[in-house]
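Work through the exercises below with the sequence and the structure open. Each task is followed by a solution in steps.

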Amino acid sequence: MKLIIENWRRYLDEVEDFPDITDDQSEIQKSLNYFYNEHAPSMAKGEKIGQEFGHDVVRFDIGGGELFYFLVDSENIPKAYIALNPLEDGIQVGNVRKTRGGFRITDLYRWVIEQHGVLYSDTKQTTAGRKIWSKLGSLDDVEVTQTELPGNPLKAVKK
């Protein structure tokens with residue numbers, strides 16, 4: 001276990017730091033509302049594809065393999081968002097937002113891995129992003145490794 005933690009620290013040091021985004025919940029909700037009600041619909045039509053974690057999953061297929069997933073409550077208010085871009089044999093995280101409560105963001109990441117097989121980290125991460133990948137790497141059913149791809153993103157696959 002000690003070796004895993006030591007190696008994990010080495011992996012975390014490979015991805016470039018990115019300034020933290022606000023943790024003010026009203027600002028996060030404002031951002032989610034913008035992405036869900038303005039940004040995503042300006043590029044594609046959203047489609048409800050199911051339910052996860054007690055929320056509707058709405059997918060925007062932007063084209064060229066770029067996707068936006070939103071978790072939306074029963075009042076059509078977005079509670080989480082993840083933007084994804086194709087990379088190698090999987091998909092790469094580009095942007096993430098989530099309000100507090102309801103479910104863990106690592107659960108959403110695990111769900112994305114189930115949908116796409118392989119999930120890559122961004123090449124730049126906030127403190128919160130680093131925590132997400134650290135928690136993801138500690139899950140029994142997910143394997144996280146360092147890649148040699150440009151920017152050295154992390155790669156997560158289901159065990």
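**Exercise 1. Two residues in loops**

Does Glu88 count as buried or exposed, and at what relative accessibility? Then do the same for Phe53, and state what is notable about the backbone of each residue.

Solution. The model is a predicted one.
- Step 1: Exposed means over 50% relative accessible area. Glu88 has a relative accessibility of 62%, so Glu88 counts as exposed.
- Step 2: Glu88 sits in the loop between β5 (78-87) and β6 (90-98). Its phi is positive, about 45 degrees, although Glu88 is not a glycine.
- Step 3: Phe53 has a relative accessibility of 27% and therefore counts as partly exposed.
- Step 4: The loop that holds Phe53 lies between β2 (46-52) and β3 (55-63). Phe53 is not a glycine either, and its phi is positive at about 55 degrees.

**Exercise 2. The length of a helix**

Check the span of helix α3 against the value expected from its number of residues. Then list its buried residues and look at what follows the helix.

Solution.
- Step 1: Helix α3 covers residues 105-116, which is 12 residues. The expected span is 1.5 Å times one less than the number of residues.
- Step 2: This gives 16 Å for α3, and the end C-alpha atoms are 17 Å apart, which agrees.
- Step 3: The buried residues of α3 include Ile105, Thr106, Asp107, Leu108, Tyr109, Trp111, Val112 and Ile113.
- Step 4: Gly117, just after α3, has a positive phi of about 85 degrees.

**Exercise 3. The nonpolar cores**

Which members of the largest nonpolar core touch the most other members? Find the elements that contribute to this core, and follow the contacts of Tyr109.

Solution.
- Step 1: In soluble globular proteins, nonpolar side chains tend to be buried together.
- Step 2: The largest nonpolar core has 26 residues, and Ile82, Tyr109, Leu119, Trp133 and Leu136 touch the most other members.
- Step 3: At least two residues of this core come from each of β4 (66-72), β5, β6, α3, α4 (127-137), β9 and β10. The largest share, six residues, is supplied by α3.
- Step 4: Leaving aside residues up to four places away in sequence, Tyr109 touches Ile82, Val93, Val96, Leu119, Ile132, Trp133 and Leu136.
- Step 5: Another core, of 14 residues, lies apart from the largest one; among its members are Ala40, Ala44, Phe60 and Phe68.

**Exercise 4. A strand and its partner**

Which residues of strand β9 form its covered face, and which its uncovered face? Describe the pairing of β9 and the surroundings of Gln146.

Solution.
- Step 1: In β9 (residues 142-146), Val142, Val144 and Gln146 form the covered face, while Glu143 and Thr145 form the uncovered one.
- Step 2: β9 pairs with β10 (residues 154-158) in the antiparallel sense, over five bridges. Thr145 is opposite Lys155 in β10.
- Step 3: Buried means under 20% relative accessible area. Gln146 has 18% and so counts as buried.
- Step 4: A polar atom of the Gln146 side chain lies 2.4 Å from the backbone oxygen of Asn152.

**Exercise 5. The whole chain**

How many helices and strands does the protein have, and what percentage of its residues count as buried?

Solution.
- Step 1: The protein has four helices and 10 strands. From the N terminus they run α-β-α-β-β-β-β-β-α-β-β-α-β-β.
- Step 2: Of its 159 residues, 43% count as buried.
- Step 3: The protein exposes about 8,800 Å², of which carbon and sulfur atoms supply 47%.

How values were computed. Residues are numbered from 1 along each chain as its sequence is written. This is a predicted model: local features need pLDDT of at least 70, side-chain atom pairs count only at pLDDT 80 or more; totals for chains, interfaces and linings use all residues. Side-chain values use heavy atoms; hydrogens and water are left out. Buried means under 20% relative accessible area, exposed over 50%, partly exposed in between (1.4 Å probe, protein chains only). Two strands pair if DSSP finds at least two bridges between them. A nonpolar core is a set of buried Ala, Val, Leu, Ile, Met, Phe, Trp, Tyr and Cys residues joined through side-chain atoms within 4.5 Å. Contact means heavy atoms within 4.5 Å. Accessible areas come from the Shrake-Rupley method with a 1.4 Å probe; for residues, only the protein chains shown count as cover. A polar contact is a pair of N or O atoms within 3.5 Å; within protein, one must be able to donate a hydrogen and the other to accept it, and residues adjacent in sequence count only if both atoms are side-chain atoms.
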